[in-house]
2 protein chains.
Amino acid sequence: MASRTRMGRGKAAHRPWPLADRPGFLIRRLHQIHVALFNAACGEFEITPVQYSLLSALAERGVADQTTLAADVSLDRTTTTGALKRLAARRLVERAVNDDDRRARACRATAEGLSLLAKMEAAARSAHRDTIALLSKSEQKLFISFMQRIVDRNTIRQDGAAVLV
Amino acid sequence: MASRTRMGRGKAAHRPWPLADRPGFLIRRLHQIHVALFNAACGEFEITPVQYSLLSALAERGVADQTTLAADVSLDRTTTTGALKRLAARRLVERAVNDDDRRARACRATAEGLSLLAKMEAAARSAHRDTIALLSKSEQKLFISFMQRIVDRNTIRQDGAAVLV
DNA sequence: TCACAATACGAAGCATACCCCGTATTTTCG
DNA sequence: CGAAAATACGGGGTATGCTTCGTATTGTGA
């Protein structure tokens, strides 16, 4: 393990502050950990966290255009399009042109999509639960409320749809 | 805004639970918010949060191979390589082959890289601070400690270098 | 009505972020 | 010493996640 040992002596010229104390670093790690847990729990369904969120939102909406869905799940519009295309390729979602507004795509979950959603719900729930399972019940409530306050503050709402800042 | 209104009536067949109550969703949003704040504060330096983390780690280490750096910042090895290549292309980092172990790359921050690090430190700090600024001081401490507990639990340490699970 | 603004998308490009597989080099152990 | 294991990378592939630019369609106001 020669290369694991330091090959030179760090100057540490400045030392801003440890990575593990920076909120942004911890948040990135948390995200990384959750995605890993989600994939471990739901990997057999071949679906990603974002795709699951989109499918959930779609089940709620019934029918929605891509921009509305993007706002629902707080995703960039083009990112949403890409994920929806992948879902559509697997017949979990339909993306028909809306005849009332030919600019828009009328998206809806297929029966297969809704079936998958129901089938994997328990696994998805435990992935979310496991992510913060290390904290006590009361700490979990507090932790979630902290996140919600920050997220709410950085979300602008229009017509009931969340919009990115 | 016809398309923003619901084009159909959602069945809400199951309604697992609102996105905004799911830890994983909140974490993704938090990450999204921090990255946006970081880019707003540090955009002029043309550097991303990950690149900043890598440069920080490199300044601490002095010299390190890519696998060690990946462990330091808890990044996938191939992701690390990509980011280091981009830093190297801008002369902020050197990636020389290590003569003692020709498999490894001896990476180090250039004078230019260290200079940039110092120049943008204040902006980077405020981006991290602003991310959780909505919480009170004591809440911030609590919030950070919650995140650290979860992250620590999901990090295996070897020889002082953090390793992903 | 008709130019103009607003809206919904699409394509292209860059940067994470992960996977798997293959290669080169080093270490280890029989 | 020599085969096998371990290690450090690289390449290819997929999926976010965002920006900018361009296009088509719809809504609006003079």
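User: Which residues have the most contacts inside the largest nonpolar core?
Analyst: In this predicted model, the residues with the most contacts inside that core are Leu54, Leu55 and Leu58 of chain A, together with B:Leu54, B:Leu55 and B:Leu58. The core has 80 residues. In soluble globular proteins, nonpolar side chains tend to be buried together.

User: What does A:Leu58 touch, leaving out residues up to four places away in sequence?
Analyst: With those set aside, A:Leu58 touches A:Ala64, A:Leu69, A:Val93, A:Cys107, A:Arg108 and A:Ala109.

User: How do the axes of H2 and H4 in chain B cross?
Analyst: The axis of H2(B), residues 49-61, comes within 10 Å of that of H4(B), and the two cross at roughly 80°. Angles of 65 to 115 degrees count as roughly perpendicular, and these two helices are therefore roughly perpendicular to each other.

User: And which residues make that contact?
Analyst: H2(B) contributes B:Val50, B:Gln51, B:Leu54 and B:Leu55, while H4(B) contributes B:Ala83, B:Leu84, B:Arg86 and B:Leu87. By class, the contact has 6 nonpolar, 1 polar and 1 charged residues.

User: Turning to the DNA, which residues come nearest to strand D?
Analyst: A:Asp76, B:Asp65, B:Gln66, B:Thr67 and B:Ala104 come nearest, out of the 28 residues around DNA strand D. Those 28 residues divide into 11 charged, 11 polar and 6 nonpolar.

User: Which helix supplies the largest share of that surface?
Analyst: H4(A) does, with 5 residues of the surface near DNA strand D. Helices that each supply at least two residues include H2 (49-61) of chain A, and H1 (23-42) and H3 (66-72) of chain B.

Note on methods
Residues numbered from 1 in each chain as written. Chains lettered and ligands numbered in written order. Predicted model: local features only at pLDDT ≥ 70, side-chain atom pairs only at ≥ 80, totals over all residues. Core = buried A, V, L, I, M, F, W, Y, C linked by C-beta atoms within 7 Å. Buried ≥ 20, exposed ≤ 12 C-beta atoms within 10 Å, placed from the backbone. Contact = placed C-beta atoms within 7 Å. Near = placed C-beta within 6 Å. Helix = DSSP H or I, 4+ residues; strand = E, 2+ residues; numbered from the N terminus. Nonpolar A, V, L, I, M, F, W, Y, C, P; charged D, E, K, R; others polar. Axes fitted to C-alpha atoms, helices over the stretch in contact; angles between N-to-C directions. Parallel < 35°, antiparallel > 145°, perpendicular 65-115°, else oblique.
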